[in-house]
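User: Hi! I'm new to reading protein structures. Could you walk me through one, feature by feature?

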Amino acid sequence: MSKNPIHVIGGGLAGSEAAWQAAEAGVPVVLHEMRPVRGTDAHKTNGLAELVCSNSFRSDDAQTNAVGLLHAEMRLAGSLIMSAGDAHQVPAGGALAVDRDGFSEAVTKKLEAHPLITIQREEVPGLPPADWDQAIIATGPLTAPGLAQSIAEATGADALAFFDAIAPIVHFDTINMDICWFQSRYDKVGPGGTGKDYINCPMDKEQYLAFVGALLEGQKTEFKQWEGTPYFDGCLPIEIMAERGVETLRHGPMKPMGLTNAHNPSVKAYAVVQLRQDNALGTLYNMVGFQTKLKHAEQVRVFRTVPGLENAEFARLGGLHRNTYINSPTLLDQSLQLKSRPGLRFAGQITGCEGYVESAAIGLLAGRFAAAERLGHAPALPPMTTAFGALLNHITGGHIVSADEPGKRSFQPMNINFGLFPPVEAPKAEGKRLRGKDKTVAKRRAVTSRALADCREWLGLPSRAEAAE
């Protein structure tokens with residue numbers, strides 16, 4: 001059996017986790033990290049798995065929070081990132097926050113001490129050479145220019161995004177359909193469409209003017225100095241469009257033409273906010289044309305003034321920032337392998353996931369998949385009912401391609417959230433019909449319970465009941 005090494009390019013959270021998982025499976029690994037040979041604009045140290053933005057891994061609640069569930073699944077899978085995070089935890093209420101320096105130092109020492117891992121401090125300037133028959137690119141949003149250029153050349157000019165224009169995404173079951181209605185503009189039936197492909201939220205003139213005012217007054221985030229200002233007319237932030245004149249949005253993404261309110265056909269809306277289905281499950285809808293630099297709390301406040309979105313829960317909020325990532329659903333197979341080059345995988349943020357935990361989780365999967373192939377086995381994909389599987393499915397094909405904008409890149413990075421999981425019925429309480437928050441909590445508990453049971457089975461671990469015996 002061949003025991004040639006797996007080459008992992010990038011020593012961030014995804015690369016570190018990928019290297020650890022492959023080595024723990026008994027396969028030699030060479031981990032290539034360009035720092036300190038070449039630095040980045042954001043990193044401050046030469047440590048592996050350096051946290052450059054925040055020391056928080058977010059909620060650690062595995063019963064009612066999707067990221068907490070992902071924590072739990074990663075712990076079951078022997079995650080290096082989670083064990084180092086747990087060992088260097090600092091007080092943060094229900095969140096898992098870590099001491100940045102202690103965390104990075106712990107990951108670095110564990111990888112350096114592993115007998116099957118070799119760390120090479122060097123820049124890999126292009127795609128891995130052909131004799132690296134199993135390799136993982138985990139270089140994140142700060143991929144070095146030479147490697148980014150090679151990836152772009154290998155995957156197509158429009159397959160690599162350097163700036164990410166994100167519109168907010170809303171959980172469908174929090175949209176008030178007593179106010180909103182389904183309809184495509186002019187009832188147009190596009191490829192695969194029905195003529196009812198959008199959810200429409202109507203505004204009268206007073207509501208529209210108040211909304212534009214809120215956009216203009218809302219607090220905005222600033223670009224980091226090294227990001228530049230990547231505005232171009234194809235993805236202007238909604239508030240920048242509003243600055244160009246009070247009527248601009250009514251003639252852009254909020255135009256009311258070709259739409260008739262199903263609840264009140266005789267009254268013409270002054271403006272309309274449209275939402276388009278974002279995933280194949282139909283659980284998530286994105287706000288069309290609403291990429292924004294508003295701060296997250298401001299987005300929630302302002303966008304909940306839209307009729308029908310008063311109680312909206314957001315799977316993801318909007319943004320515009322530097323984020324090098326590939327068009328994964330087009331380029332990768334279900335095991336994160338480049339379709340055009342077997343044996344070459346991508347992991348972490350460059351695949352189109354958001355967040356430290358999500359990046360590490362995809363690194364964990366890539367490391368396991370590559371190790372399985374090196375050992376002569378087919379990679380075992382996690383069930384879609386698990387957090388691992390839900391996130392992997394989003395990256396490799398769970399999103400919806402826009403039917404009326406076929407040339408437009410539609411895939412966007414995503415944090416783990418309950419909208420990515422197959423729906424589950426909330427268990428019925430004896431003698432009581434669950435409503436509102438109680439029903440939401442019950443559904444989330446049902447999703448997480450199913451996920452952890454399926455994750456244990458996928459990993460070959462005993463069930464919780466068996467483990468307790």
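**Reading a predicted model, step by step**

Analyst: Happy to! Let's start with contacts: setting aside neighbours within four places in sequence, His-88 is in contact with Ala-97, Val-98, Asp-99, Gly-102, Phe-103 and Ala-106. Keep in mind as we go that this is a predicted model.

User: Where is His-88 found?

Analyst: His-88 sits in the loop between helix 3 (80-87) and strand 4 (89-90). One of its contacts, Phe-103, is 15 residues apart from His-88 along the chain, and the C-alpha atoms of the two are separated by 5.8 Å. Another partner is Gly-102: the side chain of His-88 reaches the backbone oxygen of Gly-102 at 3.4 Å.

User: Is His-88 buried or exposed?

Analyst: Neither label fits. The relative accessible area of His-88 is 27%, so the residue is partly exposed. The reasoning needs a cut-off: buried means under 20%, exposed means over 50%, and partly exposed is what lies in between.

User: Let me practise on the other end of the sequence numbers. What about Arg-456: buried or exposed?

Analyst: Arg-456 has 17% relative accessibility, so it counts as buried. This residue is placed in helix 12 (residues 436-459). Leaving out neighbours within four places in sequence, Arg-456 is in contact with Leu-76, Leu-461, Pro-462, Ser-463 and Arg-464.

User: How do I read a backbone angle such as phi? What is the value for Ala-49?

Analyst: Look at the sign, and at the kind of residue. Phi of Ala-49 is near 55°, which is a positive value in a residue other than glycine. Ala-49 belongs to the loop between strand 2 (29-33) and strand 3 (56-59). With a relative accessible area of 0%, Ala-49 is buried.

User: What is phi for Arg-58, and where does that residue lie?

Analyst: Arg-58 also has a positive phi without being glycine, with a value near 70°. Arg-58 lies in strand 3. Its relative accessibility is 28%, so Arg-58 counts as partly exposed.

User: Now for annotations. Which residues does UniProt place under "binding site"?

Analyst: An annotation comes from a record, so we say where it is from and then look at the residues in the model. UniProt, in an unreviewed entry, places the feature "binding site" at Gly-10, Gly-11, Gly-12, Leu-13, Ala-14 and Gly-15. Let's take two of these positions in turn.

Gly-10 is in the loop between strand 1 (6-9) and helix 1 (13-24). It is buried, at 8% relative accessible area. Beyond residues up to four places away in sequence, Gly-10 touches Gly-15, Ser-16, Leu-31, His-32, Glu-33, Ala-138 and Thr-139.

Leu-13 has its place in helix 1. At 5% relative accessibility, Leu-13 counts as buried. Its contacts away from sequence neighbours include Ala-49, which we met earlier, together with Phe-57, Tyr-356 and Ala-360.

User: How are two packed helices described?

Analyst: Two numbers do the job: the angle between the axes and the distance between the axes. For helix 1 and helix 10, the axes come within 7 Å and cross at roughly 35°. The crossing of helix 1 past helix 10 is right-handed. Helix 1 makes the contact through Leu-13, Ala-14, Glu-17, Ala-18, Gln-21 and Ala-22, while the residues from helix 10 include Tyr-356, Ser-359, Ala-360 and Gly-363.

User: And what is the angle between helix 2 and helix 10?

Analyst: Helix 2 (residues 66-76) and helix 10 (residues 356-374) pack at about 35°, with axes 10 Å apart. Here helix 2 passes helix 10 in a left-handed crossing. Val-67, Leu-70, His-71 and Met-74 of helix 2 meet Val-357, Glu-358, Ala-360, Ala-361 and Leu-364 of helix 10.

User: Last one: which residues of helix 8 are buried?

Analyst: In helix 8 (residues 296-303), they are Glu-298, Gln-299, Val-302 and Phe-303. These cover an arc of only 110° around the axis, so they are on the same side of helix 8. The buried residues pack against helix 6 (205-217), strand 13 (284-287) and strand 14 (314-316).

Notes:
Residues numbered from 1 in each chain as written. Predicted model: local features only at pLDDT ≥ 70, side-chain atom pairs only at ≥ 80, totals over all residues. Heavy atoms only, no water. Helix = DSSP H or I, 4+ residues; strand = E, 2+ residues; numbered from the N terminus. Buried < 20%, exposed > 50% of the residue type's maximum accessible area, 1.4 Å probe, protein only. Contact = heavy atoms within 4.5 Å. Polar contact = N/O pair within 3.5 Å; in protein donor to acceptor, adjacent residues only side chain to side chain. Arc of directions from axis to C-beta. Axes fitted to C-alpha atoms, helices over the stretch in contact; angles between N-to-C directions. Left-handed = near helix turned anticlockwise from the far one by under 90°.
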